[in-house]
Amino acid sequence: MVDIICNTPFLGAMGDHCKKKHGIAMCVGCGSQIHDQFILRVSPDLEWHAACLKCSECSQYLDENCTCFVRDGKTYCKRDYIRLFGTKCAKCSLTFSRSDFVMRARNRVYHIDCFRCVACSRQLVPGD
């Protein structure tokens with residue numbers, strides 16, 4: 001089953017495409033009836049043709065092996081979702097990996113190496 005993370009009301013953004021008509025599955029992506037042997041179900045009531053569920057950035061097909069993220073009615077693969085919407089370092093603007101240590105200052109997040117004094121470039125530590 002394809003997973004979904006939803007930051008906005010998805011059904012409202014997709015309109016009537018995602019409603020079933022007379023028990024026939026309707027594809028959220030193209031709005032057509034699904035008569036295929038396989039239906040990709042993103043949640044209990046969002047169904048897609050296998051050929052319609054793909055990343056809106058890189059066009060990678062999203063299936064049970066690739067996590068699906070949804071934002072503003074568009075689907076994304078994990079890599080593109082993190083690249084576009086993930087937390088980025090306030091200094092270098094790169095995203096963080098799971099193994100990165102970070103420093104936080106107010107509402108900003110920095111890589112440890114990026115957290116430096118702007119006047120002398122000395123690396124700052126907690127308490128500075």
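Here is a short chat about a predicted model, going from its cysteines to its cores and salt bridges.

Reader: Okay, cysteines to start. How many disulfides does the structure hold?

Author: A disulfide is a covalent bond between the sulfur atoms of two cysteines. To count here, a pair of cysteine sulfur atoms has to be within 2.5 Å. The structure's total is zero.

Reader: What about Cys52, then: which cysteine has the sulfur nearest to that of Cys52, and how far away is it?

Author: Cys52 is in no disulfide. Its side of the story also includes a relative accessibility of 24%, so Cys52 counts as partly exposed. The nearest cysteine sulfur belongs to Cys27, at 3.7 Å.

Reader: And why is there no bond between Cys92 and Cys89?

Author: Cys89 holds the closest cysteine sulfur to that of Cys92. The cut-off for a disulfide is 2.5 Å. The two sulfurs are too far apart for a bond because the distance is 3.8 Å.

Reader: Let's go inside. Which residues touch the most other members of the largest nonpolar core?

Author: That core has 18 residues. Strands S1 (40-43), S2 (46-48) and S3 (69-71) each supply at least two of them. The ones touching the most other members are Trp48, Leu53 and Leu62.

Reader: How many residues are in the other core?

Author: This other core lies apart from the largest one. Among its members are Met103, Val109, Tyr110 and Cys114. Its residue count is seven.

Reader: Now salt bridges. How far apart in sequence are the parts that Glu57 and Arg83 tie together?

Author: The structure holds four salt bridges, and one joins the side chains of Glu57 and Arg83 at 3.2 Å, N to O. Glu57 sits in the loop between S2 and S3, while Arg83 belongs to helix H2 (residues 78-85), so the pair ties together parts separated in sequence by 26 residues.

Reader: Is Asp80, another partner of Arg83, buried or exposed?

Author: The closest N and O atoms of Arg83 and Asp80 are 3.2 Å apart. Both residues are in helix H2, three residues apart, so about one helical turn separates them. Arg83 is partly exposed at 41% relative accessibility. Asp80 has a relative accessible area of 3%, so the word for Asp80 is buried.

Reader: Which residues are linked in the network of salt bridges?

Author: We've met the bridge between Glu57 and Arg83, and the one between Arg83 and Asp80. Arg79 belongs to the network too. The linked residues are Glu57, Arg79, Asp80 and Arg83.

Reader: What is the distance between the closest N and O atoms of Asp113 and Arg116?

Author: Asp113 forms a salt bridge with Arg116. Arg116 counts as partly exposed, with 33% relative accessibility. To be a salt bridge, the nitrogen must be within 4 Å of the oxygen. Here the closest N and O atoms are separated by 2.7 Å.

Reader: Last one: how far apart are the C-alpha atoms of Thr95 and Arg83?

Author: Thr95 is found in the loop between H2 and strand S5 (102-105). Leaving aside neighbours within four places in sequence, its contacts include Arg83, Ile82 and His111. Thr95 and Arg83 are 12 residues apart along the chain, and their C-alpha atoms are separated by 6.8 Å.

Technical notes
Residues numbered from 1 in each chain as written. Predicted model: local features only at pLDDT ≥ 70, side-chain atom pairs only at ≥ 80, totals over all residues. Heavy atoms only, no water. Buried < 20%, exposed > 50% of the residue type's maximum accessible area, 1.4 Å probe, protein only. Core = buried A, V, L, I, M, F, W, Y, C linked by side-chain atoms within 4.5 Å. Helix = DSSP H or I, 4+ residues; strand = E, 2+ residues; numbered from the N terminus. Contact = heavy atoms within 4.5 Å.
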